[in-house]
Structures are given as C-alpha cells and as structure tokens.
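Subject: Structure handover

Hello,

The sequence and the structure are below, followed by notes on what turned up in them. Please keep them together when you file them.

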Amino acid sequence: MTTHLAKDKPKVLVVGAGPTGLLLSLVLMRQGVQVRLIDQKSGPIKESRAMGVQARTLEFYRQLGLSEALVKLGVQTENTHLGVNGRKVAQFSLKNMGQGLSPYPYLLTLAQDVHESFLVEQLAACGLYVEWSTTLKTLAQDGTTVKTIVILPDGSEEEIETSYLVGCDGARSTTRQALGIAFGGGTSEGLFYVADVDIGRNNQDVHVGIAPDTLALMMPVRTSGMQRILGIVPKTIATQANISFNDVSQDSAHLLNIKVKAVNWFSTYRVHHRVAERFREERCFIAGDAGHIHSPVGGQGMNTGLGDAMNLAWKLAQVINNRADAKLLNTYEPERIKFARQLINTTDGMFQKMTAEGWFTRYLRVSIVPSIIKLLTRYPITKRSLFKTVSQIRIAYTDSPLSQGKQGRISAGERLPFVPEIDNHQSLNCLDWQLHIYGEPSKSLTELVAKLGLTITLFPYSPAVRKAGFARNQAYLIRPDGYIALIMTNQNSTQLADYVQTWGLKFSPQNG
C-alpha cells in the first residue's frame, strides 16, 4: 500500500457520515471551521432507519435556517392512537400538547436516507463533500494534534493531521475502540421486527397496539404514504432460521386495524442499550451511536445524537476560532453523557419492562400502561410535561459549570423558554452568544455589552413573557445552542464581565 500525506490540514476530522456526523460537520463549516468527513460505507444509505425528528432537533435546524425545508420533506405527525387487543382506548394530539411550547408542536417523521441526503446537499453548498469508502485505520494524539491514517477507496493510505477528531461512526465505532473506551450495557429480551409497508390508505398519525403477549407501532415514514411498523416477534417463531413479514402480519393487522397491501422492507433485530464510559479522550470525542445506543421507543436515539452534534460543534468552533478558552470543551461530556444515562434508566428501562416475558409484563401492557397514558393525556399540566419530555425541550444543563444563576422558575442551563407572541427564538439563528433582556437595560450593562461587542436583544415585557417565567428587566446570556448560560442579578454587569473572563469569551466583530 502507498502512504501519502494529506495536502490540506483541516481543523477537525469527522469519522462517520450519519445524521450526527453530517450535522456536526455542517455547524462547524457554517462557523468557518475546515472539516474532513469520511465514512467507510460506499455511499449514502438507502433505508428509512431512524425517522422520528423531535421538536428540539427542529429548533436546532431553525437556527441554521433549514427547518422549513426539512419539514417539507417529512410528515407532521400530530395525533397518537392507543389500542388494546385491537380496540381503541385513547387518542391524544401532540400538537395540542405542545402548543406554545415550541415552534414545532409535533413529531416529524422523515426517513433517514432522505434526512441524510438533505444534509449532504447542505454540506456540498458549503464546499464539503463526504469521502466515501474511506476507513479510519489508526489514530494517535499529542497535546496539539491528532494524527490518523485512513485507508482510501483505492487501498492506499493517507496520513491526516488535525486539531481534533470526532467519532460519529456508530455502535461499532472504530474511533471508540481505538481510544479504548468501554461501551457498557446490555441487550433487551426478545426479537423485534421492523417493516416499511403500504396499507393502501393515507395515514399521518402514530398508532400503538398492545396485547398481553405482544405490541406493535405504526407511523408514516415517507410522504408517498409508506408506513413503518415495529413490533415483537412472537416467541413461538423467534427461533426460526428465516422470519418474514408473513410470520407477524396477522398480529400487526389485528393490533393496528390495518390491511397490508405490499411490503417494501422487512428486518428483525435485537435492541441494545449501552452508554460509553466517557465521550472524550484528550483531543478526540465520540458522539451519537458511538457514545450511546437506545431502544426505538419515543424516537430518542437519533435526536440525542443530533443534540450531541449541536452541543459539541459550537464549542469546537469557539475554541478553534480563538473565541473561547479550551476548557469550554470540558463541558461537552458531562452535559451530554448525563442525558444519555438518563435515557437508559428511564425510557430504555420502561421499554425493557414492556417487552419482557412473564405474567407481570402482560398485566403491565394491557392494564397499567394504557391507564397511565390516559391519565397523562387528560390534564393540561401532565400533557405539557409529557410533550416536554418526548420532544427533548426539557433537556437542561443546570449543573454544568457553564450554567450560572436562577430567577423564579427559570434556571441557567435550561433551554430558552419559547414565547410565541414575540418569537424570542428568532434571534438564535446567529449561532452565537447573545444577551436577552425582557424590559429595559441599565446604563452600566449597555456600556459593557457595547465594549464587549456582544449582541443585545430587547423584548417588551408583557403578560405572555411573564407567563413564560421571565422577570421584568431581567438579563439572560444565551449560549450559541439556545440554552441559558447566565442569569444576572439585577443586571449586574460585573457578573457578565466575570463570566466572559472565566471562559475567555471573545465575541464576533459583526456583533458590535
């Protein structure tokens, strides 16, 4: 094999061109950071795979000016229907649950191949192209550089030097293995199936069917009308050498009240739940499935990876562009690994209970769970709480070193509460630090902000603003990813000055 050195010296090498790696690369490129993006696959995937896009993810895309275009490619899933033994027992609207909490009070279903193609096009517009059939072979790092050897499509090898490396290369991550990071966890009981089918009619809702010994779920996967079905393979046939949709079609038809006209794709799989012991090793990071894999319930896995990408990308960009101290990167792992572990303990834990065997599981499926869902979706306060959890807008970093201050119901580290009457999220598309004041700024704070070159956005105080939890004349420093970093006491300019000095922040010249 021939080995040669890379001609250019990008700042970041991203390994893996799935949704996480693509979004990470896009945010970096938008911030002027040169990236190389490699993937060992021969080209883009052609399967639907992960397809639920949550409200918080769409908010990130809005910051990039891409949410409207992305939404047009998918299906806005607003209603959920729950049935037990083929009989409908509950229905609720995601749109009604999330109204006023986010600009996107629904679940967008979007096939992963379409999602990835969209991101590949956006990267091409930035001048970055995925290097397919390119495999990470080795990596080594010192205090300033990550040195890698990659195998190119023709079998030759290339040495690449970058400032940082991010492994977004999936559950079998070569990056994670090369870094010697453990990937602890386990595998859920039972065998599961997934199918993309044509049911001969248009459906834009989520349907969940439960029975004592099984369960099934259906949702739209493509604008063409194709539907995704997931379910448990019956224990009586789970040990068969070859399992087809015909083996599970009767159960799914009964539980979901459908008649399948054609099957486009069918597969069986086992559900794993794992979280890496750490997400960083010096100048190397892991994100997405390389760091955590979850059950498909609630559509949390891919969205968690995209959250990793957004969290890490702006921090890398700030440090690489000499606009923040390198210790900013120390906040990535604790902020993101905590949520990944919470998913394993909560959502994945419930999934394991719902899909295990035994009399208690049967009772749980047909009696307890439907009752809990009906209760949660009956009252406004519980409906809003459920939407916040599923949509991931509840994710917060309140115990992060980056988060300082609390006022009323709002704590630093929380996502900026959305106020639809004034659309206070619109200003977040600058992907930069900014100061929000709901009322009037003090003279000393105005002078400091001007000196720092920090953007300040003023909002009139109103009943809607007060209802969202904001205090009159309160100042909030907002991170580039839309989370509150600092809540100042009585617009104390010294607190802002100290925060800026602590993290070595330098604000963009165009913000002055």
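A salt bridge here is a side-chain nitrogen of Lys or Arg within 4 Å of a carboxyl oxygen of Asp or Glu. By that rule K315, E335, R479 and D481 are linked in a network. The model is predicted, so local features need pLDDT of at least 70 and side-chain atom pairs count only at pLDDT 80 or more, while totals for chains, interfaces and linings use all residues. Residues are numbered from 1 along each chain as its sequence is written, and side-chain values use heavy atoms, with hydrogens and water left out.

Salt bridges

Side chains of opposite charge can pair when their charged atoms come close. The search of the whole structure finds 18 salt bridges. R278 takes part in two of the pairs listed here: with E277 at 2.6 Å, N to O, and with E281, where the closest N and O atoms are 2.7 Å apart. For exposure, buried means under 20% relative accessible area, exposed means over 50%, and partly exposed is in between (1.4 Å probe, protein chains only). E277 is partly exposed because its relative accessibility is 42%, and E281 is partly exposed at 23%.

R323 and D432 also form a salt bridge, with 2.8 Å between the closest N and O atoms. R323 lies in the loop between helix 8 (301-320) and helix 9, and D432 in the loop between strand 24 (410-411) and strand 25, so the pair ties together parts that are 109 residues apart in sequence. Both R323 and D432 are buried. Helices (H or I, at least four residues) and strands (E, at least two) are DSSP runs, numbered from the N terminus.

Sheets

Strands of a sheet pair through backbone hydrogen bonds, either parallel or antiparallel. Two strands count as paired if DSSP finds at least two bridges between them.

One open sheet has four strands in the order 26-25-27-28, with mixed pairing. Its edge strands, each pairing on one side only, are strand 26 (455-459) and strand 28 (484-487). From one strand to the next, the twist averages 25 degrees. Strand 25 (residues 434-438) is parallel to strand 26, with five bridges, and L435 has I456 of strand 26 as its bridge partner. Helix 15 (residues 493-503) lies across strand 27 (474-478) and strand 28, at about 140 degrees to strand 28. Such angles run from 0 to 180 degrees between N-to-C directions, and the axes are lines fitted to C-alpha atoms, for helices over the stretch in contact. Contact means heavy atoms within 4.5 Å.

Another open sheet has three strands in the order 13-19-22, with antiparallel pairing. Strand 13 (183-187) and strand 22 (292-293) are the edge strands, each paired on one side only. Five bridges connect strand 13 with strand 19 (residues 272-276), and R274 in strand 19 is the bridge partner of G185. Helix 9 (residues 332-345) lies across strand 19 and strand 22, running at about 155 degrees to strand 19.

Strands 9 to 11

Strand 9 (residues 135-141) and strand 10 run antiparallel and are joined by six bridges. The two form a hairpin with four residues between them. Strand 10 is also antiparallel to strand 11 (residues 157-162), again over six bridges. In that second hairpin five residues lie between the strands, and G155 takes a positive phi near 95 degrees. T148 in strand 10 stands opposite L139, and its bridge partner in strand 11 is I160. Strand 10 (residues 146-151) has V146, T148 and V150 on its covered face, and K147, I149 and I151 on its uncovered one.

Single residues

T80, in strand 6 (residues 79-84), is buried, with a relative accessible area of 10%. Leaving out residues up to four places away in sequence, T80 touches A90, Q91, F92, L94 and V206.

H254 is found in helix 7 (residues 249-256) and is partly exposed at 45% relative accessible area. With the same neighbours in sequence left out, H254 touches N85 and G86. H254 and E277 are 23 residues apart in sequence and 42 Å apart in space, C-alpha to C-alpha.

I381 lies in helix 12 (residues 380-391) and is exposed, with a relative accessible area of 68%.

Regards
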